[in-house]
Amino acid sequence: MSNLIDIINDFSTPCNCGRDHFTTVKDICIGSGILSKTGDILKKNHFPENILLVADTNTLRAAQGIEDSLCNFNVSKKIYDNIRVADMSHVEELENLIKNKDIAVLSVGTGSVNDPCRLACARQNKMLCIFATAPSMDGFASDSSPIVKAGFKSSYEAKSPEVIIGDTKILAKAPVYLKSAGFGDMIAKYIGLIDWKISSILTGEYYCEKVAALTKAAVDSLMQLADYVTVNNEETAGKIFESLLMTGIAMSFTKNSRPASGSEHIIAHLIECLQLPQGIIPNFHGEDVGVCTLEMLKFYNKIAELEAVTGVKENVDWESVFNIYGTMADEVRKLNFPENIVDSVSPEKIGECWDEIREIIHSVPSYEDCKLAMSKAGCKLSVDDIGKDQSFFDLCVKYSPYMRKRLTLLRLRDMIQPL
C-alpha cells in the first residue's frame with residue numbers, strides 16, 4: 001500500500017526527536033481479492049520455500065483458499081482450535097516448530113494468533129507475514145507482543161512482520177463485533193497520547209511529536225468513518241485497516257506501545273489477569289479497552305475541570321495492592337521497588353504544569369464525542385455491556401496503575417489535590 005510505505009520512508013529521515021525511526025515492515029498489500037496472490041507476495045519478498053502456516057479454525061475458515069495460493073511452497077501447519085488468549089506456551093510451541101530450520105511463518109488471523117508468532121519469530125530470527133482476517137485491533141504492524149505468562153500479562157519486545165496482507169473482501173465480511181472492537185481499540189489511542197505527553201513533561205520521558213501526530217491522525221480519520229464501521233463495504237474496511245496499521249507502525253517507530261496505549265489498556269489487562277485464573281475467557285480486546293477508554297475520558301475530563309491544583313507525595317497502601325494481585329504480587333513488587341515510576345515526579349511540578357496538562361487532556365475529542373462515535377460504530381459502551389460487575393471494575397481501575405512501570409494520569413490521581 002504505497003501511502004503507508006511512503007509514511008515509513010518519510011520516517012527514515014532524521015527526526016527532530018533525536019532518534020532514528022525504523023520498522024522491519026517492508027511490504028503492505030491491501031486490495032480486493034488478493035488472498036489468491038499471497039504466495040506471489042511472499043515470493044516477491046524473498047520468503048524461503050518452507051512456510052509454517054499458523055491460524056485457528058475460525059481465521060483459517062475466513063481465509064479459505066489461502067493454502068491454494070501457497071502451491072509453490074512446502075507448507076506445514078499449526079492450526080489451533082480457537083486462541084482467545086495468547087499464552088507463553090503458544091510462543092514456546094511455535095519456537096520448537098521453527099528453530100534450526102530455514103522456514104518462515106505466515107500468521108493468518110488477528111491479535112491472539114499474531115502475537116505468539118511475532119515473539120517466536122523474533123526469538124528465532126525468522127521472517128513473518130501477517131494475513132489479517134478482521135480489522136479488529138491495532139497490533140498487525142507492532143513490534144511488541146502482549147503475552148500471558150504464569151497468569152500475568154506483559155508486553156514483550158518482539159518484531160514487526162516483514163509483510164502485511166489485507167484482502168478487503170475478507171476484512172469487510174468480518175463479524176461486526178470484531179470490526180466494532182477494532183474501532184474501540186483505536187479510540188483508546190487518545191488516552192495513550194494524553195498519558196505519554198503528560199509523562200514527558202513531568203518526568204522527561206522520551207516523546208516524539210511526529211510519531212504522536214501520526215497516531216492522532218490515524219484515530220482522527222477513523223472517527224470520521226464511525227457510521228460505516230458495521231457496514232460490509234470494502235473501501236471502508238480498507239481505510240479502517242490502514243488506520244490500524246498506522247498505529248502499529250507508530251509503536252514500532254518508538255520501540256514501545258506508548259503511542260497506542262495508556263491507562264485504559266492497563267485496566268483491561270488487569271481485568272484479564274484477575275479473571276483468567278477463574279476460567280473466565282476475556283472479551284475481545286477492543287471491547288474491554290473501548291469501555292475503559294470511555295471511563296478514563298470521563299475521569300480525565302472531570303479532573304481537567306480543576307483550574308488549579310497542588311501536588312503531594314504518593315501514598316500507597318502496598319499491602320492492599322499485593323493482596324489484590326495475589327500470585328502476581330512478586331511481579332508487581334519488582335515493577336515498583338526499589339524504583340517507583342513516580343519517584344521522578346516532583347509534586348511541585350504537577351501544580352506548575354497544570355495548565356499545560358489541562359490543555360493536553362483537551363487536545364483530544366471529549367468523552368461525549370468519543371461515546372457518540374463508538375455508539376455509531378456498534379461498540380460496547382458501558383461496564384455492564386462488557387459483562388463486568390461495577391465494583392470489580394472499580395477495583396481494577398484503582399489497582400491497575402501498579403502493574404506497569406509507566407506513568408499515566410490515572411497513576412497521578414492521588415498526587416493531585418485541588419486548590
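Q: Among contacts between residues at least 6 apart in sequence, what percentage joins residues at least 24 apart?
A: In this chain, 80% of those contacts do. The model is predicted.

Q: What does the radius of gyration say about the chain?
A: Set the value against the one a compact globule of equal length would have. For 419 residues that reference is near 22 Å, and the chain has 21 Å, which agrees. Along its principal axes, the C-alpha trace spans about 70 × 45 × 40 Å.

Q: How many helices and strands are there in the chain?
A: The chain holds 18 helices and 10 strands.

Q: What percentage of the residues in the chain is buried?
A: Burial here means under 20% relative accessible area. By that cut-off, 60% of the 419 residues are buried. The accessible surface of the chain is about 17000 Å². Carbon and sulfur atoms account for 48% of that surface.

Q: Which residues touch the most other members of the largest nonpolar core?
A: Start with the general idea. Nonpolar side chains tend to be buried together in soluble globular proteins. Now the case. The largest nonpolar core has 126 residues, and F183, L202 and L412 touch the most other members. Helix α10, residues 234-254, supplies the largest share of this core, with nine residues. A second, separate core has 22 residues, among them I34, L42, F73 and C129.

Q: Which residues does F183 touch, not counting those up to four places away in sequence?
A: One group is L222, M223, A226 and V229. The other is A373, M374, A377 and C379.

Q: How many disulfides does a search of the whole structure find?
A: Check the sulfur-sulfur distance: the cut-off is 2.5 Å. The search finds zero disulfides. Take C208. Its closest cysteine sulfur is in C15, at 3.6 Å, so the pair is too far apart for a bond. C208 is buried, at 1% relative accessibility. Take C379 next. The closest cysteine sulfur is in C370, 11 Å away, which is also too far for a bond. C379 is buried as well, at 11% relative accessibility.

Q: Where is the place of S160?
A: S160 is in the loop between β7 (152-157) and β8 (163-167). A loop position alone does not settle burial, so read the accessibility: S160 has 2% and counts as buried.

Q: Which residues is S160 in contact with, leaving aside its neighbours within four places in sequence?
A: They are T23, T24, V25, A141, S142, D143 and S252. With S142 there is also a polar approach: a polar atom of the S160 side chain lies 3.4 Å from the backbone oxygen of S142.

Q: Is E272 buried or exposed?
A: E272 counts as buried, because its relative accessibility is 9%. This residue is found in helix α11, residues 263-275.

Q: Which side chain makes a polar contact with the side chain of E272?
A: The partner is K153, at 3.1 Å. Leaving aside neighbours within four places in sequence, E272 is in contact with K153, P277 and P282.

Q: Where is the place of D195?
A: D195 is in helix α8, residues 189-203. At 0% relative accessibility, D195 counts as buried. Not counting residues up to four places away in sequence, D195 touches R258, G262, S263, Y300, L407, T408 and L409.

Q: What separates the C-alpha atoms of D195 and G182?
A: Read the sequence gap beside the spatial gap. D195 and G182 are 13 residues apart along the chain, with 21 Å between their C-alpha atoms. Now take E331 and R404. They are 73 residues apart in sequence and 9.7 Å apart in space, C-alpha to C-alpha. E331 is in helix α14, residues 329-336, and counts as partly exposed at 35% relative accessibility.

Q: Which residues does a cis peptide bond join?
A: Look at omega. It is about 0 degrees for the bond joining F337 and P338. P338 lies in the loop between α14 and α15 (347-352).

Q: What is phi of N100?
A: Phi of N100 is near 60 degrees, a positive value in a residue other than glycine. N100 lies in the loop between α4 (88-98) and β4 (104-109). With a relative accessible area of 78%, N100 is exposed. K255 is another case, with phi near 65 degrees. K255 lies in the loop between α10 and α11. K255 is partly exposed, at 42% relative accessible area.

Notes:
Residues are numbered from 1 along each chain as its sequence is written. Side-chain values use heavy atoms; hydrogens and water are left out. A nonpolar core is a set of buried Ala, Val, Leu, Ile, Met, Phe, Trp, Tyr and Cys residues joined through side-chain atoms within 4.5 Å. Buried means under 20% relative accessible area, exposed over 50%, partly exposed in between (1.4 Å probe, protein chains only). Helices (H or I, at least four residues) and strands (E, at least two) are DSSP runs, numbered from the N terminus. Contact means heavy atoms within 4.5 Å. A polar contact is a pair of N or O atoms within 3.5 Å; within protein, one must be able to donate a hydrogen and the other to accept it, and residues adjacent in sequence count only if both atoms are side-chain atoms. The radius of gyration is taken over C-alpha atoms; the globule rule is 2.2 Å times the number of residues to the power 0.38. Accessible areas come from the Shrake-Rupley method with a 1.4 Å probe; for residues, only the protein chains shown count as cover.
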